[in-house]
Amino acid sequence: MSRLFFRIFLFLLLFSPAAFAQTVKNQSKKVETVDIFDELKRQGVTGQGKVLINQNAKLQILLDKKITEAEENPFITFVGYRIQVYMGNNQKKSKTEALKREEMIKEKYPDLPAYLSFVSPFWRLRVGDFRTHTDALVGMRALLTDFPELKGQIYVVKDDETRDLLLEEQ
């Protein structure tokens, strides 16, 4: 038994300093963005192999096109909140009811954006673009004050929201 403890002690004594002796060098290097295709084609790096990429030339064209579109289209999509005013699946009445409620809300709140959507089998009417749940709750309470007949049918939902980055900067 004592030999076992001695061997464990000896093992820890010999190998534990090596575990703590490792250091990180060059911590002040800056991170650079590099195109993976160009980086793999680069030659002349000693100690490394050569990578040959066999790909369709259209892939590089599509990648460049996607990058250009992202630079030209300054919209960002993120998770936000909206107020769901209506959801119904009655094939004959739901669309007209959703449009009626949209018109009713637009009369009182002309600047409040409304989103009417059909995801089979449901018609949904959601209004507003809110960043936080609290902001959406405030908007919901304002709607309930002006339209008390909607009580029990109106609630806050998470939804994707698209914003124009150029307008956000102003």
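Which pattern does the protein follow, read along the sequence? I read α-α-α-β-α-β-β-α-β-α. The model is a predicted one, and I kept that in mind throughout.

**Entry 1: overall count**

I counted the secondary structure first and got six helices and four strands. I then looked up burial: of the 170 residues in the protein, 21% are buried. For the surface, I noted about 14,100 Å² exposed, with carbon and sulfur atoms supplying 57% of that area. I also checked how far apart in sequence the contacting residues lie. Taking contacts in the protein with a separation of 6 or more, I found that 67% join residues 24 or more positions apart.

**Entry 2: helix α4**

I turned to α4, which runs over residues 94-108 and has 15 residues. From its first C-alpha to its last I noted 22 Å, close to the 21 Å expected at 1.5 Å a residue. Next I asked which residues of α4 are buried. I listed Ser94, Ala98, Arg101, Glu102 and Ile105. They sit on the same side of α4, because the arc they cover around the axis is only 105 degrees. On the face turned away from that buried side I found the exposed residues Thr96, Lys100, Glu103 and Glu107. I also looked up what covers the buried residues of α4: the cover includes β1 (75-88), β2 (114-119), β3 (122-130) and α5 (133-146).

**Entry 3: β2 and β3**

I looked at how β2 and β3 are arranged, and noted a hairpin with two residues between the strands. Their pairing is antiparallel and runs over six bridges. I picked out one residue, serine 117, and found its bridge partner in β3 to be arginine 124.

**Entry 4: arginine 82**

I located arginine 82 in strand β1. Is arginine 82 buried or exposed? Its relative accessibility is 6%, and buried means under 20%, so I entered arginine 82 as buried.

I then asked what the side chain of arginine 82 reaches. One polar contact goes to the side chain of aspartate 159, at 2.9 Å. The backbone oxygen of aspartate 160 is reached by the arginine 82 side chain at 3.1 Å.

Last, I looked up what arginine 82 touches, leaving out residues up to four places away in sequence. The list includes Tyr115, Arg126, Val127, Gly128, Asp129 and Phe130. Also on it are Tyr155, Val156, Val157, Asp159, Asp160 and Glu161.

Methods. Residues numbered from 1 in each chain as written. Predicted model: local features only at pLDDT ≥ 70, side-chain atom pairs only at ≥ 80, totals over all residues. Heavy atoms only, no water. Expected span 1.5 Å × (residues − 1). Buried < 20%, exposed > 50% of the residue type's maximum accessible area, 1.4 Å probe, protein only. Arc of directions from axis to C-beta. Contact = heavy atoms within 4.5 Å. Polar contact = N/O pair within 3.5 Å; in protein donor to acceptor, adjacent residues only side chain to side chain. Pairing = 2+ DSSP bridges. Areas by Shrake-Rupley, 256 points an atom, 1.4 Å probe, with all protein chains shown as cover.
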